[in-house]
Amino acid sequence: MSDYCDLAPGHPFHGPYHDHEYGFPVGDDDALFERLALEINQAGLSWLTVLKKREAFRLAFDGFAIDRVASYGETERRGLLDDVGIIRNRLKIEAVIHNAGVIQTLQARHGDFRGWLDHHHPLSHGEWVRLFKRTFKFTGPEITGEFLMSTGYLPGAHRDDCPVQARILAAAPPWTRT
């Protein structure tokens with residue numbers, strides 16, 4: 001995403017994400033789940049909109065605690081649809097809750113969500129998309145690709161001449177180990 005390397009530096013929302021998160025490996029399952037949920041919510045909107053609402057999402061989804069979100073019932077769903085701080089799209093909200101339950105199943109089979117990702121790595125973008133579509137709700141090519149780039153499973157988050165790229169390479173994301 002070469003344009004991001006030009007746009008993000010110094011920006012109050014894009015800058016910190018670009019410099020410290022985008023493309024770096026993520027080891028914590030709740031953090032991986034958060035990234036997936038944010039990518040789902042970005043569909044059809046700008047990434048800036050999602051970043052501006054990130055703290056509200058964290059509050060609304062209990063810090064993206066997978067077990068907690070997977071247990072949401074009708075009361076929590078209504079609360080999310082009424083929460084003006086987040087993107088109130090029923091399909092996206094339902095997908096995030098459903099996907100928390102899917103991740104619980106993956107954790108039971110692979111130890112953690114990262115273990116499931118590592119089990120399938122490396123795959124091409126197209127293979128990842130097919131796997132994600134079979135496994136999760138609301139995950140098309142863009143959502144899957146951005147999730148995997150943002151968490152280090154696919155290359156392309158930064159240009160080679162971006163100063164962040166050297167730090168990414170030093171962190172040895174999965175795409176560097178193919």
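Trainee: Which residues line the largest cavity?

Mentor: In this predicted model, the lining of the largest cavity consists of Gly 23, Met 149, Gly 152, Leu 154, Pro 155, Gly 156, Ala 157, His 158, Gln 165, Ile 168 and Trp 175.

Trainee: How do those lining residues divide into nonpolar, polar and charged?

Mentor: Six of the lining residues are nonpolar and five are polar, with no charged residue in the lining.

Trainee: What volume does the largest cavity have, and how many cavities of 30 Å³ or more are there?

Mentor: Its volume is about 40 Å³. The count is one cavity of 30 Å³ or more.

Trainee: Gly 152 was in that lining. What is its phi?

Mentor: Gly 152 follows helix α11 and has a positive phi, near 90°.

Trainee: Let us stay with α11, then. How many of its residues are buried?

Mentor: Eight of the 10 residues of α11 are buried, so the helix is largely enclosed by the rest of the structure. The buried residues are Ile 143, Thr 144, Gly 145, Glu 146, Phe 147, Leu 148, Met 149 and Ser 150. Met 149 also belongs to the lining of the largest cavity.

Trainee: Which helices do they pack against?

Mentor: The buried residues of α11 pack against α2, α3, α9 and α10.

Trainee: And what about α9 itself? Which of its residues are buried?

Mentor: Helix α9 covers residues 113–120, and its buried residues are Phe 113, Gly 115, Trp 116 and Leu 117. They pack against α3, α8, α10 (125–135) and α11 (141–150).

Trainee: Changing topic to the nonpolar core: which residues touch the most other members?

Mentor: The largest nonpolar core has 47 residues, and those touching the most other members are Phe 61, Phe 113, Leu 117, Phe 132 and Phe 136. Helix α8 (residues 90–110) gives the most to this core, with eight residues. Apart from that core lies another of five residues, including Cys 5, Cys 162, Val 164 and Ile 168.

Trainee: Is there a general background to such cores, and what is it?

Mentor: In soluble globular proteins, nonpolar side chains tend to be buried together.

Trainee: What is Phe 132 in contact with, leaving aside its neighbours within four places in sequence?

Mentor: With those neighbours left aside, Phe 132 contacts Leu 36, Trp 116, Leu 117, Thr 139, Thr 144, Phe 147 and Leu 148.

Trainee: How many aromatic pairs are there?

Mentor: The count comes to 16 aromatic pairs. In one of them, the ring centres of Tyr 4 and Tyr 22 are 5.5 Å apart and the planes lie at 75°, so this pair is edge-to-face.

Trainee: Where do Tyr 4 and Tyr 22 lie?

Mentor: Tyr 4 is in helix α1 (residues 2–7), whereas Tyr 22 is in the loop between α2 (14–20) and α3 (29–42), so the pair ties together parts that are 18 residues apart in sequence. Tyr 4 counts as buried at 5% relative accessibility, and Tyr 22 counts as buried at 1%.

Trainee: And Phe 132 with Phe 136: why is that pair tilted?

Mentor: Their ring centres are 5.0 Å apart and their planes are at 45°, so the pair is tilted. Both Phe 132 and Phe 136 are buried. Ring pairs also join them with Phe 113, Trp 116, Trp 128, Phe 147 and Tyr 153 in a cluster.

Trainee: One last residue: is Lys 52 buried or exposed?

Mentor: Lys 52, found in helix α4 (residues 47–52), counts as exposed at 52% relative accessibility. Its C-alpha atom is separated by 27 Å from that of Ala 166, which is 114 residues away along the chain.

Conventions:
Residues numbered from 1 in each chain as written. Predicted model: local features only at pLDDT ≥ 70, side-chain atom pairs only at ≥ 80, totals over all residues. Heavy atoms only, no water. Phe/Tyr/Trp six-rings, centres within 6.5 Å; stacked < 30°, edge-to-face > 60°. Helix = DSSP H or I, 4+ residues; strand = E, 2+ residues; numbered from the N terminus. Buried < 20%, exposed > 50% of the residue type's maximum accessible area, 1.4 Å probe, protein only. 1 Å grid on protein atoms, 1.4 Å probe; cavity = no way out; pocket = protein on both sides within 12 Å on 5 of 7 lines; lining within 4 Å. Points joined across faces, edges and corners; volume = space filled by probe spheres on them. Nonpolar A, V, L, I, M, F, W, Y, C, P; charged D, E, K, R; others polar. Core = buried A, V, L, I, M, F, W, Y, C linked by side-chain atoms within 4.5 Å. Contact = heavy atoms within 4.5 Å.
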